Amino acid sequence: MLSDPTGSWTPVALSVDLPPGTVVPARTPAGPIALWRSASGRPSASADRCPHRGMRLSHGFVRGETLSCIYHGWSYGAAGNCLRIPAHPGLSPPETIRVATHPVEEAGGVIWVGVGEPATQPPQLAGLVPLRSLQAQAGMAALEAAAGAKADENGLLETTQNSQEIRLLLAFQERDETLIHVLLDGDSSLLERIAVSRAVEALRRKAEAIEAEGSSR
Ligand code: FES
């Protein structure tokens, strides 16, 4: 993880895991977010806290092009402005009622969320496609130790495990928790996909053992 993540991008989820009309919880190094996709397919990232009474917006629901809070139904647009307060249907909510938002870019099947205002676009993963995501109960350092390789500033880690080349995108979740996106060459066969998937699961077990051993000392 970068010591100062301001201006960086985090690969928070795979496109396939955020269908239109859904919201999920996700994390950047700056904290929890509600990651949602409108009915028309536009991805957005909002702070995971409703400005009204603090309910998590990731518990809410998407209707059309808005994200609504599950508690009292206040609705927010992609820009974070409150558009509707059901208890006051005739009221135009003041501009001051807003939820913080983050920049979002979607490329090559990965959804990236920016911390602050990144000066560049997220990295291109030329020729690579995402296979799946999995959570590891292990921090970045334990995963790097298990892989015998370092992740770059975008979280891309390349290693060979049991003769199997694997490429991962790592996203910080908590000090001892990491989200792993598995990447593959676009023309990989089914057998190669299965082999990579198994190799990554073995790497995760190894990293989790390293993490557990470190925390028991
Ligand atoms: S807490 Fe979100 S609408 Fe009330």
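In this predicted model, strands β14 and β15 form a hairpin with two residues between them. The two strands of that hairpin pair in the antiparallel sense over seven bridges, and one of the pairs places Leu-170 opposite its bridge partner in β15, Ile-180. On β15 there is also an antiparallel pairing with β12, which runs over eight bridges; here Gln-135 has Leu-179 of β15 as its bridge partner. Strand β15 is mostly covered, with seven of its nine residues buried.

The antiparallel pairings for which a bridge count and a residue pair are available can be set side by side.

| Strand pair | Bridges | Bridge partners |
|---|---|---|
| β12 and β15 | eight | Gln-135 and Leu-179 |
| β14 and β15 | seven | Leu-170 and Ile-180 |
| β10 and β11 | four | Glu-105 and Trp-112 |

The residues of the hairpin return in the packing of the interior. The largest nonpolar core has 22 residues, and those with the most contacts inside it are Leu-168, Leu-170, Ile-180, Val-182 and Val-200. At least two residues of this core come from each of β12 (128-136), α1 (140-147), β14 (164-174), β15 (177-185) and α2 (190-216). Val-182 illustrates these surroundings: leaving aside residues up to four places away in sequence, the residues that Val-182 touches include Val-129, Leu-131 and Leu-134, as well as Arg-167, Leu-168, Val-196 and Val-200. A second, separate core of 15 residues includes Trp-36, Ala-47, Cys-50 and Leu-57.

Elsewhere, three strands form an open sheet in the order β1-β11-β10, with antiparallel pairing. Because β1 (9-14) and β10 (104-107) stand at the edges and each has a single partner strand, one side of each is left without a neighbour in the sheet. Neighbouring strands of this sheet are turned against each other by 30 degrees on average, direction ignored. Within the sheet, β10 pairs with β11 (residues 110-114) over four bridges, and the bridge partner of Glu-105 in β11 is Trp-112.

Which elements give two or more residues to the lining of the second largest pocket? They are β1, β2 (22-28), β12 and β15, and β2 gives the most, with four residues. About 170 Å³ of space lies in this pocket; of the 14 residues that line the pocket, the closest to its centre are Val-12, Ala-13, Pro-25, Ala-26 and Leu-179. Leu-179 is thus named both among these pocket residues and as the bridge partner of Gln-135.

Notes
Residues numbered from 1 in each chain as written. Predicted model: local features only at pLDDT ≥ 70, side-chain atom pairs only at ≥ 80, totals over all residues. Heavy atoms only, no water. Pairing = 2+ DSSP bridges. Axes fitted to C-alpha atoms, helices over the stretch in contact; angles between N-to-C directions. Core = buried A, V, L, I, M, F, W, Y, C linked by side-chain atoms within 4.5 Å. Buried < 20%, exposed > 50% of the residue type's maximum accessible area, 1.4 Å probe, protein only. Contact = heavy atoms within 4.5 Å. 1 Å grid on protein atoms, 1.4 Å probe; cavity = no way out; pocket = protein on both sides within 12 Å on 5 of 7 lines; lining within 4 Å. Points joined across faces, edges and corners; volume = space filled by probe spheres on them.
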